[in-house]
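Trainee: Could we take a close look at one part of this model? I'd like to start with a loop and then see what's around it in the rest of the fold.

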Amino acid sequence: MATVSADIKKKCLVIPDHSGYDTNMFNIPVKYANFLTSILIPNGLVKDRTQKLAVDILSSLPETKSLVVLCVLKGGYKFCSELVDAMERYICSCEINMSVKVEFIRLKSYHNISSTGEVEVIGLSDLSHLTGKDILIVEDIIDTGRTMTKALKLLKEYSPNTVQCASLLLKRTDKSCGYVPEYVGFTVEDSFIVGFGIVSQTSGFSVLLIYCHCN
(Lines give C-alpha, C1' and ligand atoms only; values in the text may rest on other atoms or scores of the structure.)
Protein backbone atom coordinates (compact mmCIF):
# COMPACT_ATOMS: atom_id res chain seq x y z
CA MET A 1 0.00 0.00 0.00
CA ALA A 2 1.17 3.51 -0.79
CA THR A 3 2.49 5.40 2.22
CA VAL A 4 -0.21 7.32 4.08
CA SER A 5 1.00 10.39 5.97
CA ALA A 6 0.24 10.88 9.64
CA ASP A 7 -1.77 13.99 8.76
CA ILE A 8 -4.06 12.04 6.43
CA LYS A 9 -4.47 9.24 8.98
CA LYS A 10 -5.76 11.82 11.47
CA LYS A 11 -8.36 13.05 8.98
CA CYS A 12 -9.94 9.89 7.64
CA LEU A 13 -10.33 6.14 7.66
CA VAL A 14 -7.68 4.33 5.64
CA ILE A 15 -9.03 1.57 3.38
CA PRO A 16 -6.08 -0.77 2.66
CA ASP A 17 -5.09 -1.73 -0.88
CA HIS A 18 -6.73 -4.84 -2.34
CA SER A 19 -9.35 -4.92 0.40
CA GLY A 20 -13.07 -5.37 0.00
CA TYR A 21 -15.98 -7.64 0.80
CA ASP A 22 -17.42 -10.49 -1.22
CA THR A 23 -20.29 -9.23 -3.36
CA ASN A 24 -22.26 -12.37 -2.44
CA MET A 25 -22.60 -10.99 1.08
CA PHE A 26 -24.64 -8.00 -0.14
CA ASN A 27 -27.85 -7.38 -2.05
CA ILE A 28 -26.46 -6.24 -5.42
CA PRO A 29 -28.84 -5.19 -8.23
CA VAL A 30 -28.82 -7.85 -10.96
CA LYS A 31 -27.78 -5.41 -13.69
CA TYR A 32 -24.57 -4.57 -11.78
CA ALA A 33 -23.64 -8.11 -10.73
CA ASN A 34 -21.30 -8.83 -13.66
CA PHE A 35 -19.38 -5.59 -13.25
CA LEU A 36 -18.53 -5.52 -9.55
CA THR A 37 -15.52 -7.35 -8.16
CA SER A 38 -15.92 -6.39 -4.50
CA ILE A 39 -17.64 -4.12 -2.03
CA LEU A 40 -15.11 -1.60 -0.81
CA ILE A 41 -17.08 0.41 1.76
CA PRO A 42 -20.53 -0.73 2.94
CA ASN A 43 -23.34 1.79 2.92
CA GLY A 44 -23.69 1.89 6.70
CA LEU A 45 -20.04 2.79 7.18
CA VAL A 46 -20.32 5.57 4.58
CA LYS A 47 -23.31 7.05 6.39
CA ASP A 48 -21.75 6.79 9.86
CA ARG A 49 -18.57 8.45 8.65
CA THR A 50 -20.60 11.20 6.95
CA GLN A 51 -22.39 11.96 10.22
CA LYS A 52 -19.04 12.38 11.99
CA LEU A 53 -17.80 14.70 9.23
CA ALA A 54 -20.92 16.83 9.69
CA VAL A 55 -20.17 17.26 13.40
CA ASP A 56 -16.51 18.05 12.71
CA ILE A 57 -17.42 20.69 10.11
CA LEU A 58 -19.93 22.46 12.34
CA SER A 59 -17.61 22.31 15.35
CA SER A 60 -14.93 24.14 13.33
CA LEU A 61 -17.30 27.06 12.65
CA PRO A 62 -18.57 28.10 16.10
CA GLU A 63 -19.14 31.75 15.13
CA THR A 64 -20.74 31.06 11.75
CA LYS A 65 -24.38 32.04 11.29
CA SER A 66 -24.69 31.06 7.64
CA LEU A 67 -22.84 28.37 5.68
CA VAL A 68 -22.85 28.20 1.88
CA VAL A 69 -22.37 24.64 0.61
CA LEU A 70 -21.14 24.32 -2.98
CA CYS A 71 -22.04 20.82 -4.19
CA VAL A 72 -19.87 19.70 -7.10
CA LEU A 73 -21.99 17.84 -9.66
CA LYS A 74 -22.49 15.19 -10.80
CA GLY A 75 -20.73 12.87 -8.43
CA GLY A 76 -20.98 14.95 -5.26
CA TYR A 77 -24.77 15.06 -5.10
CA LYS A 78 -25.40 11.91 -3.03
CA PHE A 79 -22.64 12.62 -0.53
CA CYS A 80 -23.65 16.27 -0.26
CA SER A 81 -27.27 15.33 0.38
CA GLU A 82 -26.27 12.97 3.21
CA LEU A 83 -23.80 15.49 4.65
CA VAL A 84 -26.22 18.42 4.65
CA ASP A 85 -28.97 16.27 6.18
CA ALA A 86 -26.57 15.24 8.95
CA MET A 87 -25.53 18.86 9.54
CA GLU A 88 -29.14 20.04 9.75
CA ARG A 89 -30.01 17.28 12.23
CA TYR A 90 -27.05 18.27 14.40
CA ILE A 91 -27.94 21.97 14.17
CA CYS A 92 -31.49 21.18 15.26
CA SER A 93 -30.55 18.81 18.10
CA CYS A 94 -27.94 21.22 19.50
CA GLU A 95 -30.08 24.31 18.88
CA ILE A 96 -27.32 26.00 16.89
CA ASN A 97 -28.14 29.34 15.31
CA MET A 98 -26.93 28.59 11.78
CA SER A 99 -28.48 28.29 8.34
CA VAL A 100 -27.13 26.08 5.54
CA LYS A 101 -27.66 27.07 1.91
CA VAL A 102 -26.78 24.66 -0.91
CA GLU A 103 -25.66 25.77 -4.37
CA PHE A 104 -24.86 23.36 -7.23
CA ILE A 105 -21.78 23.84 -9.38
CA ARG A 106 -19.63 22.07 -11.93
CA LEU A 107 -15.88 22.43 -12.23
CA LYS A 108 -14.65 22.55 -15.82
CA SER A 109 -10.93 22.17 -16.49
CA TYR A 110 -9.31 23.37 -19.70
CA HIS A 111 -6.39 21.22 -20.81
CA ASN A 112 -6.38 21.63 -24.58
CA ILE A 113 -3.37 22.76 -26.58
CA SER A 114 -4.12 26.45 -26.09
CA SER A 115 -5.18 26.34 -22.46
CA THR A 116 -3.32 27.27 -19.31
CA GLY A 117 -5.04 24.61 -17.18
CA GLU A 118 -7.56 27.06 -15.74
CA VAL A 119 -10.80 26.01 -14.03
CA GLU A 120 -14.25 27.47 -14.62
CA VAL A 121 -16.97 27.30 -11.96
CA ILE A 122 -20.24 26.65 -13.78
CA GLY A 123 -23.62 27.13 -12.12
CA LEU A 124 -23.13 30.40 -10.24
CA SER A 125 -23.81 33.45 -12.38
CA ASP A 126 -22.03 35.80 -9.98
CA LEU A 127 -19.26 34.55 -7.71
CA SER A 128 -19.04 37.95 -6.02
CA HIS A 129 -21.98 37.02 -3.77
CA LEU A 130 -19.58 34.64 -1.98
CA THR A 131 -17.61 37.60 -0.61
CA GLY A 132 -17.48 37.48 3.18
CA LYS A 133 -19.28 34.11 3.33
CA ASP A 134 -18.24 30.83 4.94
CA ILE A 135 -18.03 28.29 2.11
CA LEU A 136 -17.84 24.50 2.11
CA ILE A 137 -17.13 22.77 -1.20
CA VAL A 138 -18.45 19.20 -1.24
CA GLU A 139 -16.88 16.72 -3.66
CA ASP A 140 -17.27 12.97 -4.08
CA ILE A 141 -13.63 12.11 -4.75
CA ILE A 142 -10.26 13.86 -4.92
CA ASP A 143 -7.94 12.23 -7.42
CA THR A 144 -4.90 14.33 -8.42
CA GLY A 145 -6.24 17.37 -6.57
CA ARG A 146 -5.25 19.77 -9.35
CA THR A 147 -8.78 20.80 -10.31
CA MET A 148 -9.79 21.48 -6.72
CA THR A 149 -6.60 23.43 -6.04
CA LYS A 150 -7.31 25.74 -8.97
CA ALA A 151 -10.98 26.07 -8.02
CA LEU A 152 -10.03 27.11 -4.48
CA LYS A 153 -7.60 29.67 -5.84
CA LEU A 154 -10.36 31.11 -8.03
CA LEU A 155 -12.90 31.29 -5.21
CA LYS A 156 -10.44 32.97 -2.84
CA GLU A 157 -10.16 35.84 -5.32
CA TYR A 158 -13.69 36.80 -4.22
CA SER A 159 -12.60 37.14 -0.57
CA PRO A 160 -14.86 34.66 1.24
CA ASN A 161 -14.57 34.63 5.02
CA THR A 162 -13.53 30.96 4.94
CA VAL A 163 -13.44 28.32 2.22
CA GLN A 164 -12.99 24.62 2.99
CA CYS A 165 -13.53 21.34 1.18
CA ALA A 166 -15.10 18.05 2.23
CA SER A 167 -14.60 14.96 0.08
CA LEU A 168 -15.90 11.50 0.76
CA LEU A 169 -12.92 9.84 -0.90
CA LEU A 170 -9.25 10.73 -1.33
CA LYS A 171 -7.32 8.53 -3.73
CA ARG A 172 -3.77 7.44 -3.02
CA THR A 173 -2.07 8.11 -6.33
CA ASP A 174 1.39 9.04 -7.55
CA LYS A 175 -0.31 11.66 -9.74
CA SER A 176 -1.47 13.67 -6.71
CA CYS A 177 -0.33 17.28 -6.46
CA GLY A 178 -0.34 16.89 -2.68
CA TYR A 179 -3.67 18.58 -2.00
CA VAL A 180 -5.66 17.15 0.92
CA PRO A 181 -9.14 18.53 1.79
CA GLU A 182 -9.91 19.74 5.29
CA TYR A 183 -12.46 16.94 5.68
CA VAL A 184 -12.09 13.45 4.20
CA GLY A 185 -14.22 10.37 4.72
CA PHE A 186 -11.89 7.65 3.47
CA THR A 187 -8.60 7.31 1.64
CA VAL A 188 -8.59 4.52 -0.96
CA GLU A 189 -6.22 2.96 -3.46
CA ASP A 190 -5.95 4.25 -7.01
CA SER A 191 -8.50 1.97 -8.67
CA PHE A 192 -11.80 2.33 -10.52
CA ILE A 193 -14.65 2.93 -8.10
CA VAL A 194 -18.38 3.60 -8.44
CA GLY A 195 -21.25 3.97 -6.02
CA PHE A 196 -22.93 6.45 -3.70
CA GLY A 197 -23.25 8.91 -6.54
CA ILE A 198 -19.94 8.30 -8.30
CA VAL A 199 -20.88 7.61 -11.91
CA SER A 200 -18.95 5.78 -14.59
CA GLN A 201 -18.89 7.86 -17.76
CA THR A 202 -18.63 4.76 -19.92
CA SER A 203 -20.75 2.05 -18.34
CA GLY A 204 -23.80 4.09 -17.37
CA PHE A 205 -23.70 3.33 -13.65
CA SER A 206 -26.12 5.36 -11.58
CA VAL A 207 -26.35 5.71 -7.81
CA LEU A 208 -25.42 2.64 -5.83
CA LEU A 209 -25.70 2.51 -2.08
CA ILE A 210 -22.18 1.22 -1.60
CA TYR A 211 -18.72 1.82 -3.00
CA CYS A 212 -17.43 -0.87 -5.29
CA HIS A 213 -14.42 -1.97 -7.28
CA CYS A 214 -15.38 -2.62 -10.88
CA ASN A 215 -14.16 -4.89 -13.63
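Trainee: Where does Lys 74 sit?

Mentor: Lys 74 lies in the loop between β3 (66-72) and α3. Before we go on, this is a predicted model, where local features need pLDDT of at least 70 and side-chain atom pairs count only at pLDDT 80 or more, while totals for chains, interfaces and linings use all residues. Residues are numbered from 1 along each chain as its sequence is written, and side-chain values use heavy atoms, with hydrogens and water left out.

Back to your loop: Leu 73 and Lys 74 are joined by a cis peptide bond, with omega at about 5°. After the loop comes α3, so let's follow that helix (helices are DSSP runs of H or I, at least four residues; strands are runs of E, at least two; both numbered from the N terminus). Helix α3 covers residues 77-93 and helix α2 covers 43-59; their axes come within 8 Å and cross at roughly 55° (axes are lines fitted to C-alpha atoms, for helices over the stretch in contact, and angles run from 0 to 180 degrees between N-to-C directions). That angle makes α2 oblique to α3 (under 35 degrees is roughly parallel, over 145 roughly antiparallel, 65 to 115 roughly perpendicular, the rest oblique). Where they meet, α2 brings residues including Leu 53, Ala 54 and Ile 57, and α3 brings residues including Phe 79, Leu 83 and Met 87. The residues of this contact (heavy atoms within 4.5 Å) divide into 11 nonpolar, three polar and three charged. For that count, Ala, Val, Leu, Ile, Met, Phe, Trp, Tyr, Cys and Pro are nonpolar, Asp, Glu, Lys and Arg are charged, and the others, Gly among them, are polar.

Leave α3 at its other end and you reach Glu 95, in the loop between α3 and β4 (99-109). Its phi is near 55°, a positive value in a residue other than glycine. Glu 95 counts as exposed because its relative accessibility is 72% (buried is under 20% relative accessible area, exposed over 50%, partly exposed in between, with a 1.4 Å probe and protein chains only). Ser 159, in the loop between α4 and β7, also has a phi near 55°, positive in a residue other than glycine. Ser 159 is partly exposed, at 45%.

Now for the elements on either side of that loop. In helix α4 (residues 146-156) you'll find Met 148, which is buried, with a relative accessible area of 3%. Leaving out residues up to four places away in sequence, Met 148 touches Leu 107, Ile 137, Glu 139, Ile 142, Cys 165 and Tyr 179. Take Ile 137: it is 11 residues from Met 148 along the chain, and their C-alpha atoms are separated by 9.3 Å. In strand β7 (residues 162-172) there's Lys 171. Lys 171 counts as buried, at 14% relative accessibility. With the same sequence neighbours left out, the residues it touches include Ile 142, Asp 143 and Ser 191. The Lys 171 side chain reaches the backbone oxygen of Ser 191 at 2.9 Å.

Finally, zoom out: the protein has four helices and 10 strands, and buried residues make up 47% of its 215 residues. Of the contacts with a separation of 6 or more, 68% come from residues 24 or more positions apart.

Terms used:
Polar contact = N/O pair within 3.5 Å; in protein donor to acceptor, adjacent residues only side chain to side chain.
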